[in-house]
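Please open the structure in your viewer and keep the sequence panel beside it, so that each selection can be made by residue number. The tour moves from one selection to the next and says what is found at each stop.

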Amino acid sequence: MANSVDVTKAVATGAAGVNEDGSDVKLTSTVEETDKKCPNCTATMVFDPKSGKLKCPFCGTEKDIKKEGERFVARELDFASVEKDQTLCDWGTQTKTVECKSCGAKTVYDANQISNVCPYCGSNQVIEEEDKNVMAPGGVIPFSLDSKQAAEKFQAWLGRKFYCPTKAKKGAYPSAFKGVYVPYWTYDALAESTYTGEYGIDKKVKDKDGNERTETDWYNTSGFYETEIDDFLICASTQQRESMMRGLEPFDTKKTEEYKPEYLAGFSATRYTLSVQDGWKKAKSRIDSQIRVEINNKIQLENNADSVRNVDVSTDYSNQTYKYLLFPVWISAFSFNGKLYQFVVNGQTGKVSGESPVDKLKVAITVILIIAIIAAIFYFSNR
């Protein structure tokens, strides 16, 4: 999706993050233009995932993207600043938001960029809406895989699907890939938990007839558990199924770059539709489940227990901060037997997540084989 306009150079208006040397990385303001046209043939340059540079798709001329400092570290924001600080709403170039009337997706483009197709559902029922104060990203993980590499990852992923029909594996070709920067909230916090529960120690006993059986002695336990939450990811877009997007994780947030509009050249960015507060509620629910598993493991290891039960956990969170980052995702779909199957590819790691057709005959044969094996085991054990 080539960009048809010039973008702007970052000019300081406020701190968006810090460099490795501790100096501030500044937010951007649209006062000084940077020419995105090819210096050789004047065509519009786009971001090239392979080189990490701007590249002319016609003559191949490349141009470096200027970076401030050796290593960028996105600034952690406290919850008191959520969507209130107007200096956080500058994308470094004039933007517009386009809404799809078919699926509801809201996508951010350069102000003069023309888009007639939704990157999510392919619908051409898109209209421009009045741009509001939308928080600008505090950092971006640039694409490192191009569309050809994404297609190769898809073919390999589909080939590993045992229950996918062979015909689909050989004949499924993705439709045109769309490179989209998807918004994510990342959360940091200190979690302090108190817990009570029971752990069991198994022992072998014999009844009066000499038959051996297992009995469990149960003991009460309680304790304290502390863990630091670092960059817990929550997708801030509700346009895709949550399970499919979670299938793309993890993203390596240590490779986050300072946000620059040049990274979006040839791509689009989805606007967040999940607030940072609602994202934190989702994060806490998942973190609570994760902590419960960790405490169960802690009880079992500390007491050399065989089992754990009735664990009750109470967790308090403090020092909560968040970041708003853009992550690279290739979106596409393929058709098989008249049905459309959507999938996504992690533009950083190549991990694939999505739907695939299922061969019902293979499933039926597997079920029959399992039943036959169980029946054989039961028959011979009784004999």
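The stops below take in a helix, a surface patch, a buried strand residue and some backbone features. Please bear in mind throughout that this is a predicted model.

**The helix α5**

Begin by selecting residues 360-382, which make up helix α5, a run of 23 residues. From its first C-alpha to its last the helix reaches 33 Å, close to the 33 Å expected at 1.5 Å a residue. How many of its 23 residues are buried? The count is zero, and α5 is accordingly described as hardly covered.

Now add Asp359, which caps the N-terminal end of α5, and show its side chain. One of its side-chain oxygens lies 3.0 Å from the backbone nitrogen of Leu361.

**A nonpolar patch on the surface**

Next, select Phe162, Tyr163, Val358, Val363, Val367 and Ile371, and switch on a surface display. These residues form a nonpolar patch on the surface, and together they have about 540 Å² of accessible area. Center the view on Ile371, which belongs to helix α5. Ile371 counts as exposed because its relative accessible area is 54%, where the cut-off for exposed is over 50%. While the helix is in view, it may help to recall that an α-helix has 3.6 residues a turn, so residues three or four places apart point the same way.

**A buried threonine in β15**

Move on to strand β15, residues 212-235, and pick out Thr221 within it. Is this threonine, Thr221, buried or exposed? Thr221 counts as buried because its relative accessibility is 17%, and the cut-off for buried is under 20%. To see its surroundings, display Tyr195, Thr196, Gly197, Glu198, Tyr199, Ile299 and Asn303, which Thr221 touches when residues up to four places away in sequence are not counted.

**Backbone features**

Most residues other than glycine have a negative phi, and most peptide bonds are trans. With that in mind, select Glu249 and Pro250, which are joined by a cis peptide bond with an omega of about 10°. Pro250 is found in the loop between α3 (242-246) and β16 (268-270).

Finish in strand β17, residues 307-336, where Asn310 is located. Asn310 has a positive phi of about 50° although it is not a glycine, and at 55% relative accessibility it counts as exposed. Asn319 also has its place in β17. The phi of Asn319 is likewise positive, near 55°, and Asn319 counts as exposed at 59% relative accessibility.

Methods
Residues are numbered from 1 along each chain as its sequence is written. This is a predicted model: local features need pLDDT of at least 70, side-chain atom pairs count only at pLDDT 80 or more; totals for chains, interfaces and linings use all residues. Side-chain values use heavy atoms; hydrogens and water are left out. Helices (H or I, at least four residues) and strands (E, at least two) are DSSP runs, numbered from the N terminus. The expected span of a helix is 1.5 Å times one less than its number of residues. Buried means under 20% relative accessible area, exposed over 50%, partly exposed in between (1.4 Å probe, protein chains only). A polar contact is a pair of N or O atoms within 3.5 Å; within protein, one must be able to donate a hydrogen and the other to accept it, and residues adjacent in sequence count only if both atoms are side-chain atoms. Patches are made of residues with over 30% relative accessible area and no salt bridge: like charges are joined within 9 Å, nonpolar side chains (Val, Leu, Ile, Met, Phe, Trp, Tyr) within 5 Å. Accessible areas come from the Shrake-Rupley method with a 1.4 Å probe; for residues, only the protein chains shown count as cover. A salt bridge is a side-chain nitrogen of Lys or Arg within 4 Å of a carboxyl oxygen of Asp or Glu. Contact means heavy atoms within 4.5 Å.
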